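Let's take a walk through this one together, a step at a time. Have the sequence and the 3D view open, and we'll start with a small detail before stepping back.

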Amino acid sequence: MKRSIWQMPRARAAAFAVFARNFLVWRKLLGPAIVLNFGEPVIYLLGLGIGLGALVGDIGGLPYLVFLASGIVASSAMISVSFEGMYSVYTRMVPQKTFDAIMATPLDIDDIILGETVWAAFKGLLSAVAILIVAALLGAVPGGMMALWALPVVFLLGLAFAGPAIIMTAIADNYDFFNYYFVLVVTPMFMLSGVFFPIETLPGWMQTAVLILPLTHAIEVIRPLIVGEPVEHLFGHLAVLAGFAVVAYYVAVALVRRRLWD
Amino acid sequence: MLQEPVIRARGLVKCFGALRAVEGVDFDVPPARCFGFLGPNGAGKTTTLKMLMGLADFDAGELSVLGFELPAQARAIRARVGLVPQGDNLDPDFTVRENLFMYARFFGLTRREVAGRVDELLEFANLTHKADARVDQLSGGMQRRLTIARALVNDPDIVVLDEPTSGLDPQMRHVIWGRLSELRARGVTLVLTTHYMEEAERLCDELVVMDHGRILDQGSPGELIRRHVEPDVIELRGEVSDGVFATLSSMSSRCERHGTAVYVYTGAPTVILDFLGEADGLTVIHRRAGLEDVFLHLTGRELRE
């Protein structure tokens, strides 16, 4: 009779209703969302790419703006997914009790977390698309149409980051708790995974260490696609991202069950 | 009444760590009736409701709803049941109408399938004029009505209500009682928890009185009153001397002192009232015994915290 929180999740197509709910709310608040999605990258790319780029010159044979744009596509998806998976999911789970309302329908936590995971990844994708458009307008997408192949990778990156964010939400007592994750996880990845400078410039041991970070693997695939170069170790990188996505989804479901089940 | 029960519980046990929240509970809910769980806070009422929705598991016992076994068939049960939770959890980002459409979608119902039904429910909840208002623009009573309408969006066979009228003003409670009676008349089974005696007496065909995770007794409100208390109660407010108290005790079936009030339970009130006619400085209230007397008799008067 007792359910184990660790029993295999069995999410169904019905989970799409959760995605649809979030999409409909997002559509209502489209204005501010677009300002955020386009405004931020424009500032980053102009400020760092053009300003700092003039000092830096080329990096790894690429103009700094091109190097940076391809990194920001990935990192901004990571940040956007992490925000959604923490602040927004927490809002729906705790103060707003939206999850409680949904759990009284035939949907289970398995479905809710799947819907939230895909939704968070979709928001990451939106922010990556916005940056890609801005970068293209600034002439920083030499890969041309090939750069569009970066988008499915961004989506996979989003799935990989949604789970850990929802795990944090499942164990959070309040919003402040998320500071730990941002300072200890997101920001180090943002700085060290090759967004602003190539990981080859790191000391040897750190180059090995950053290989456990999913953002490093995402950038290793996304950058060459945007730049128009061949991708090395494609399946290895994708496998790491997929592994993060699957394991984190499973743990996220278990921890949300622990929190919401009586 | 030989109809199959729509909910059947046998030997239900639920523990939270060392606390035994529900301790071996048996009950049958007949179809198209209003079935109430009455009990003080912490009695195990809400936990019992959660178990029959498949939202809480149980440590021992058997529980079936509409012929489906829990916990294995919880999804199938929730498809046929509507829940009105204790606190409203409407979606603040949607309008009144959108809340209903969105909730239908969680049941796998499309906009087209429920369009007519949503209009009916808005009408039922007196919210047609507020259909396009945001939820945070509604009063507490309107939000409650919307929550009840939302629980009906899947055309359920059973509606489960956890303290449906707590925090509402008397007018709104009467409106909601009227709506719930309508539902029952249409053949919907209602299962509710309450600690409003008036609500239990008015709405419930059958009640279980719960405390400390056990069922103390069950029956219709009338049966419970006849079984546990004398038909008349005389309440005395003011200074009642020990001598008077002793006399009252000998004249009545039961006489209790609680704080500054004395309660005299009797089948023959006239003699006692005649006797009290001579007592000065006392407020004397003579009334029919009600569920509240049963409740206090069964669960005691000490504070629950």
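Which residue of S13(B) does B:Arg257 stand opposite? The residue facing B:Arg257 is B:Val262. Before going further, keep in mind that what you're looking at is a predicted model.

That pair is a handy way into a bigger piece of the fold. Strand S12 of chain B covers residues 254-258, and it runs antiparallel to S13(B), with 5 bridges between the two. Together S12(B) and S13(B) make a hairpin, with 2 residues separating the strands. Look in the turn for B:Gly259, which has a positive phi of about 60°.

S13(B) has another partner too. Strand S11, residues 232-237 of chain B, pairs with S13(B) in the antiparallel sense, this time over 6 bridges. If you want a spot to zoom in on, find B:Val233, whose bridge partner in S13(B) is B:Tyr265.

So how many of the residues in S13(B) are buried? The strand spans residues 261-266, and 6 of its 6 residues are buried. You can check this face by face: B:Ala261, B:Tyr263 and B:Tyr265 sit on one side, B:Val262, B:Val264 and B:Thr266 on the other, and both faces are covered.

Now let's zoom out to chain B as a whole. It has 11 helices and 14 strands, and its C-alpha trace spans about 75 × 45 × 40 Å along the principal axes. Of its 305 residues, 51% count as buried. The accessible surface comes to about 13400 Å², and carbon and sulfur atoms account for 49% of that. Take the contacts in chain B between residues at least 6 apart in sequence: 68% of them join residues at least 24 apart. As for charge, chain B carries 35 positive and 45 negative side chains, with the centres of the two sets 6 Å apart.

Next, head for the start of the chain B numbering. Here you'll find an open sheet of 4 strands in the order S2-S1-S4-S5, with antiparallel pairing. Strand S2 (19-29) and strand S5 (68-69) of chain B each have a single partner strand, so one side of each has no neighbour in the sheet. In the middle of that order, S1 (residues 7-16) and S4 (residues 60-65) of chain B pair over 5 bridges, in the antiparallel sense. One of the places to see this is B:Arg10, whose bridge partner in S4(B) is B:Glu62.

A little further along is B:Leu83, in strand S6 (residues 81-84) of chain B. Is B:Leu83 buried or exposed? Its relative accessibility is 15%, so it counts as buried. Setting aside neighbours within four places in sequence, B:Leu83 is in contact with B:Met53, B:Leu55, B:Ala151 and B:Val160, and also with A:Ala104 from chain A. For a sense of distance, B:Leu83 and B:Gly213 are 130 residues apart in sequence and 22 Å apart in space, C-alpha to C-alpha.

Last stop: B:Arg173, in helix H6 (residues 170-185) of chain B. Which side chain of opposite charge is nearest to B:Arg173? That's B:Glu198, 4.4 Å away, and B:Arg173 is buried yet has no salt bridge. Not counting residues up to four places away in sequence, B:Arg173 touches B:Thr165, B:Leu168, B:Tyr196 and B:Glu198.

Terms used: Residues numbered from 1 in each chain as written. Chains lettered and ligands numbered in written order. Predicted model: local features only at pLDDT ≥ 70, side-chain atom pairs only at ≥ 80, totals over all residues. Heavy atoms only, no water. Buried < 20%, exposed > 50% of the residue type's maximum accessible area, 1.4 Å probe, protein only. Lys, Arg positive; Asp, Glu negative; His and termini not counted. Salt bridge = Lys/Arg side-chain N within 4 Å of Asp/Glu carboxyl O. Contact = heavy atoms within 4.5 Å. Pairing = 2+ DSSP bridges. Areas by Shrake-Rupley, 256 points an atom, 1.4 Å probe, with all protein chains shown as cover. Charge placed at Lys NZ, Arg CZ, Asp CG, Glu CD.
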